[in-house]
Amino acid sequence: MKFSKIQGTGNDFIIIDNRNKNINGSRYSEIARRLCTRRFSVGADGIMFIEMPTKGGEYKMAFYNSDGSIGEMCGNGARCIARYGFEKGISGSTQRIETTAGFVNAIRMSARYYKIRLNSITQRMEDMPVQINGENYNVDYVEMGNPGLPHVVLLVNDLSNWSEDKLRRAGRKIKNLEKFPKGANVNFCEVKNQHIIKAITYERGVEDLTLACGTGAGAIVSVLHNKSLVAASSVHVNMPGGELTVDLEINNSKEKIYLTGATTWVAEGDVLDEELTED
């Protein structure tokens, strides 16, 4: 298998072009689990297989988390695959990408910066009570696209004082609550001002904190703007892996969410992992 590896704000992804169907789709989960395992293989937060479009897009993005589970969509992954699509000549500077959660439109802003329109929020529940280690919090829950990618947003005032261990334990507990039957990505955030947010995400499917989460950044800004805590445009979400910019476009109560950030092409070559044997 030929592969490329691209990272966006610290979210790293393996990309494999499977438009010729050389790889049986039934093996995607197995391949994802193996290749995404750090130290033992290539290592990544997730893997994306490019397939021929079936619904009018330019190509299809089949996204799998590092644990082998199917992901509805991935914001940083979509930015990375958009760069791949442009540089490999699959598509132009504007793209329409098919994902499990619906279409994603992408625009090449510069050599390394790509802007995508995230899937719209299709479900929203506000101020849901949760208890973490005896402390009570209110969280917001949204789903993006259809089927919906689930996100929980937890606003805290002292995010810098939360250790990674505390964030990890809290994220795992919230993600597994019965009220979230699909699980959820859990986004911890702190508002610095109307245009700056600090955030970190515990990602479902990775089952750990990640350096960035693109859909999480979009979910955070949408939730906080709905609470009149941040502006609608040029909101900078600072995550451990770097900065993402989110813009909201709101017309007649209909919201469009745009995500912009850098991409870095890390490597490409041949997968030689001897643990992946053919059937």
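In this predicted model, the charged end of R96 sits over the ring of F103, at a distance of 3.7 Å from the ring centre. A second arrangement of this kind involves K115, whose charged end sits over the ring of Y258, 5.1 Å from its centre. Both distances can be set against the cut-off for such a contact, which asks that the charged atom be within 6 Å of the ring centre and within 35 degrees of the ring normal.

Rings also meet other rings, and a search of the whole structure finds eight aromatic pairs. One of them joins F13 and F63, whose ring centres are 6.1 Å apart and whose planes stand at 65 degrees, so the pair is edge-to-face. Because F13 lies in strand β2 and F63 in strand β4 (residues 59-65), this pair ties together parts of the chain that are 50 residues apart in sequence. Are F13 and F63 buried or exposed? Both of these residues are buried.

Y28 and F49 form an aromatic pair of the stacked kind, with 3.8 Å from centre to centre and 5 degrees between the planes. Since Y28 belongs to helix α1 and F49 to strand β3, the pair ties together parts that are 21 residues apart in sequence. Y28 is buried, and F49 is buried as well. The ring pairs extend to a further residue, for they link Y28, F49 and Y64 into a cluster.

Charged side chains make another set of links, and how many salt bridges does a search of the whole structure find? The search finds 20 salt bridges, and the table lists some of them with the distance between N and O atoms.

| Salt bridge | N to O distance |
|---|---|
| R38 and D12 | 2.8 Å |
| R19 and D17 | 2.8 Å |
| K227 and D127 | 3.1 Å |

In the bridge between the side chains of R38 and D12, R38 lies in the loop between α1 (28-35) and β3 (46-51) while D12 lies in strand β2 (residues 11-17), so the pair ties together parts that are 26 residues apart in sequence. R38 is partly exposed, with a relative accessible area of 39%, whereas D12 counts as buried because its relative accessibility is 10%, and buried means under 20%.

The side chains of R19 and D17 also meet in a salt bridge. Here R19 counts as partly exposed at 33% relative accessibility, and D17 is partly exposed too, with a relative accessible area of 26%.

The salt bridge between K227 and D127 links distant parts of the chain, with K227 in the loop between α4 (214-226) and β14 (235-239) and D127 in strand β8 (residues 121-132), 100 residues apart. K227 counts as partly exposed at 30% relative accessibility, and D127 is partly exposed with a relative accessible area of 44%. Elsewhere, salt bridges that share partners join K5, D12, R38 and D45 into one network.

A last residue to look at is T263, which has its place in the loop between β16 (254-262) and β17 (264-270). T263 counts as buried because its relative accessibility is 0%. Which residues is T263 in contact with, leaving aside its neighbours within four places in sequence? Apart from those neighbours, T263 is in contact with I6, Q7, G8, R79, C80, R83, R112 and Y114.

Definitions and conventions: Residues numbered from 1 in each chain as written. Predicted model: local features only at pLDDT ≥ 70, side-chain atom pairs only at ≥ 80, totals over all residues. Heavy atoms only, no water. Helix = DSSP H or I, 4+ residues; strand = E, 2+ residues; numbered from the N terminus. Buried < 20%, exposed > 50% of the residue type's maximum accessible area, 1.4 Å probe, protein only. Contact = heavy atoms within 4.5 Å. Salt bridge = Lys/Arg side-chain N within 4 Å of Asp/Glu carboxyl O. Phe/Tyr/Trp six-rings, centres within 6.5 Å; stacked < 30°, edge-to-face > 60°.
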